[in-house]
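Here is a set of short exercises to work through with a viewer open. Try each task before you read its solution.

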Amino acid sequence: MAQVTLNHVTKRYEDVVAVNDMNLEIRDGEFVCLVGPSGCGKSTTMEMVAGLTKPSEGNVHIGDVDVTTLPPKDRGVAMVFQNIALFPHMDVYDNISFGLRLRKFDKEEIDRRVDRASDIVQLEGMLDRMPDEMSGGQRQRVAIARAIVREPDVFLMDEPLANLDAKLRVHMRTELQRLHKELDTTIIYVTHDQAEAMTMSDRIAVLDAGELQQIDPPLVCYNEPENLFVAGFIGSPSMNFAEGELVANGFESEHFTVEFDPSQVPGASVGDRVTLGIRPEDVFTVDRVQNLSSATASIDATTDVLEPMGDEIFVYLVLGESAERSMEGETASSNQLLMSVNPDSDIQEDQDVEVVLDRSKVHLFDTASGQALAHGIEELPGPSAGTGPDAGTSAGTGAGEGTESPVTEAESDR
């Protein structure tokens, strides 16, 4: 096991900056996912750790050793790639042991390591099979076993499940978590699939345009995103956003108002342009908020498209009295809100509804910089406060008040 540290690492390809001033510390024995859209620099970062690519600037440490200029074979790492790349003319035993035989290990040591690795990845009784006699998941386990026999300090996995079908990916995610517990070693895992990142990681490193946006445990990235990019990327479906202005009694956008004391928002003042974020599961119809003490004033909306997902229904809402549509017939994104409801809901398309937001789950971001300002807000105090989600007028036609809400994290230093 070993800690991996990147100090001010930059990688340039002529005029293209693939990774920009990366500072990243991965602890001994930790499972960290590098996640982000295509072209964000996650694979390049892993390649610099592996020694397949040399940084333009900065240095890479594995444990106490500066490995920046060391070849891959001397770094104590093993890689598992998206392309499994097994030798088709070799059986499982020969595929797994190939690297050890190249390094002239004796037969007894090779057998010991192959038996241990095949036991860990549950390949017992398959060592004499050929790759074309195995399923995709079994072949992937062979590739992982081939890395395990190296007994490396660090495992590097570059989208190893991307070519598997959806059901097998879920199964292999569980297998990799079990493998991490079994080996208790450092794993760096590259993926664009946030479901993999959320379910397997001790921490997620979110990258965009070659820059590290946030590195935190999965639920911290989900509940307390540091900026608009992380908020929009982590979570499926993604967070709803509405641009507006910080006013004397809270937030005001084109289609709705949310009342709160603006002094709750550190680093912002009345008149600043801010973006409100709310996740689909934190949007409710008025008749579903009996036990929600932190509801905002109601917002007029019309249901547009319903997407039944089995355990929930995604409801696309159009805000305001009429839907503004583009020439292609799609509702303008600034006029949309996505809501998640129970599968037994009787909600229908083209239905007029009133919805509220869970005030304690509202996120506020600086529109210009994208940085988070607050996660969760409290109701505007004072004698004018209402007694429920129907108090006052609907947002968009006037300011309404919600019920008293419990203390939230709005006054944190994040």
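The exercises below concern a predicted model, and each solution goes step by step.

**Exercise 1. Getting oriented**

Find how many helices and strands the chain has, and what share of its residues is buried.

Solution.
- Start with the secondary structure: the chain contains 8 helices and 21 strands.
- Next, turn to burial: of the 414 residues, 51% are buried.
- Finally, look at contacts between residues at least 6 apart in sequence: 67% of them join residues at least 24 apart.

**Exercise 2. Classifying a ring pair in a helix**

Work out how the rings of phenylalanine 229 and phenylalanine 233 are arranged, stacked or edge-to-face.

Solution.
- A useful reminder is that a pair of aromatic rings is described by the distance of the centres and the angle of the planes.
- The structure holds 5 aromatic pairs. In the one formed by phenylalanine 229 and phenylalanine 233, the centres are 5.6 Å apart and the planes make 15 degrees.
- Planes under 30 degrees apart count as stacked, so the pair of phenylalanine 229 and phenylalanine 233 is stacked.
- Now place both residues: they belong to helix α8 (residues 228–233) and are 4 residues apart, about one turn of the helix.
- In general, an α-helix has 3.6 residues a turn, so residues three or four places apart point the same way.
- For burial, the cut-off is under 20% relative accessible area. Phenylalanine 233, at 17%, therefore counts as buried, while phenylalanine 229, at 23%, is partly exposed.

**Exercise 3. A second ring pair and its surroundings**

Classify the pair formed by phenylalanine 251 and phenylalanine 256, then describe the sheet that holds β12 and β13.

Solution.
- The ring centres of phenylalanine 251 and phenylalanine 256 are 6.0 Å apart and the planes stand at 45 degrees, so this pair is tilted.
- Both partners are buried: phenylalanine 251 has a relative accessible area of 0%, and phenylalanine 256 has 4%.
- Phenylalanine 256 sits in the loop between β12 (250–253) and β13 (257–259). Its C-alpha is 8.4 Å from that of leucine 319, although 63 residues separate the two in sequence.
- Strands β12 and β13 pair in the antiparallel sense over 3 bridges, and phenylalanine 251 has valine 258 in β13 as its bridge partner.
- The sheet is open, with 6 strands in the order β13-β12-β11-β14-β20-β21 and antiparallel pairing.
- β13 and β21 (372–375) each have a single partner strand, so one side of each has no neighbour in the sheet.
- From one strand to the next, the twist of this sheet averages 30 degrees.

**Exercise 4. The mixed sheet and the helices on it**

Trace the strand order of the open sheet with mixed pairing, and list which strands helix α1 touches.

Solution.
- The order of the 6 strands is β6-β7-β8-β3-β9-β10.
- At the edges are β6 (77–80) and β10 (211–216), each pairing on one side only.
- The average twist here is 20 degrees from one strand to the next.
- Inspect one pair: β3 (residues 31–35) and β9 (residues 203–208) are parallel over 4 bridges, with valine 32 opposite arginine 203 in β9.
- Helix α1 (residues 42–50) packs on this sheet and touches β3, β6, β7 (154–158), β8 (186–191) and β9; its direction makes about 150 degrees with that of β8.
- Helix α5 (residues 166–183) lies across β3, β7 and β8, at about 170 degrees to β7.

**Exercise 5. An enclosed helix**

Check the span of helix α4 against expectation, and decide whether α4 is largely enclosed or not.

Solution.
- At 1.5 Å a residue, the 13 residues of α4 (residues 136–148) should span 18 Å; the end C-alpha atoms are 19 Å apart, which agrees.
- For enclosure, 10 of the 13 residues of α4 are buried, so the helix is largely enclosed by the rest of the structure.
- The buried set includes Gly137, Gln140, Arg141 and Ile148.
- The buried residues of α4 pack against β6, α2 (92–102), α3 (107–120), β7 and α5.

**Exercise 6. Charges over rings**

Find which residue lies over the face of tyrosine 13, and which over that of tyrosine 222.

Solution.
- Over tyrosine 13 lies lysine 11, at 5.0 Å from the ring centre.
- Over tyrosine 222 lies arginine 279, at 3.9 Å from the ring centre.

Notes
Residues are numbered from 1 along each chain as its sequence is written. This is a predicted model: local features need pLDDT of at least 70, side-chain atom pairs count only at pLDDT 80 or more; totals for chains, interfaces and linings use all residues. Side-chain values use heavy atoms; hydrogens and water are left out. Rings of Phe, Tyr and Trp (its six-membered ring) pair if their centres lie within 6.5 Å; planes under 30 degrees apart count as stacked, over 60 as edge-to-face and the rest as tilted. Helices (H or I, at least four residues) and strands (E, at least two) are DSSP runs, numbered from the N terminus. Buried means under 20% relative accessible area, exposed over 50%, partly exposed in between (1.4 Å probe, protein chains only). A charge sits over a ring if NZ of Lys or CZ of Arg is within 6 Å of the ring centre and within 35 degrees of the ring normal. Two strands pair if DSSP finds at least two bridges between them. Axes are lines fitted to C-alpha atoms, for helices over the stretch in contact, and angles run from 0 to 180 degrees between N-to-C directions. Contact means heavy atoms within 4.5 Å. The expected span of a helix is 1.5 Å times one less than its number of residues.
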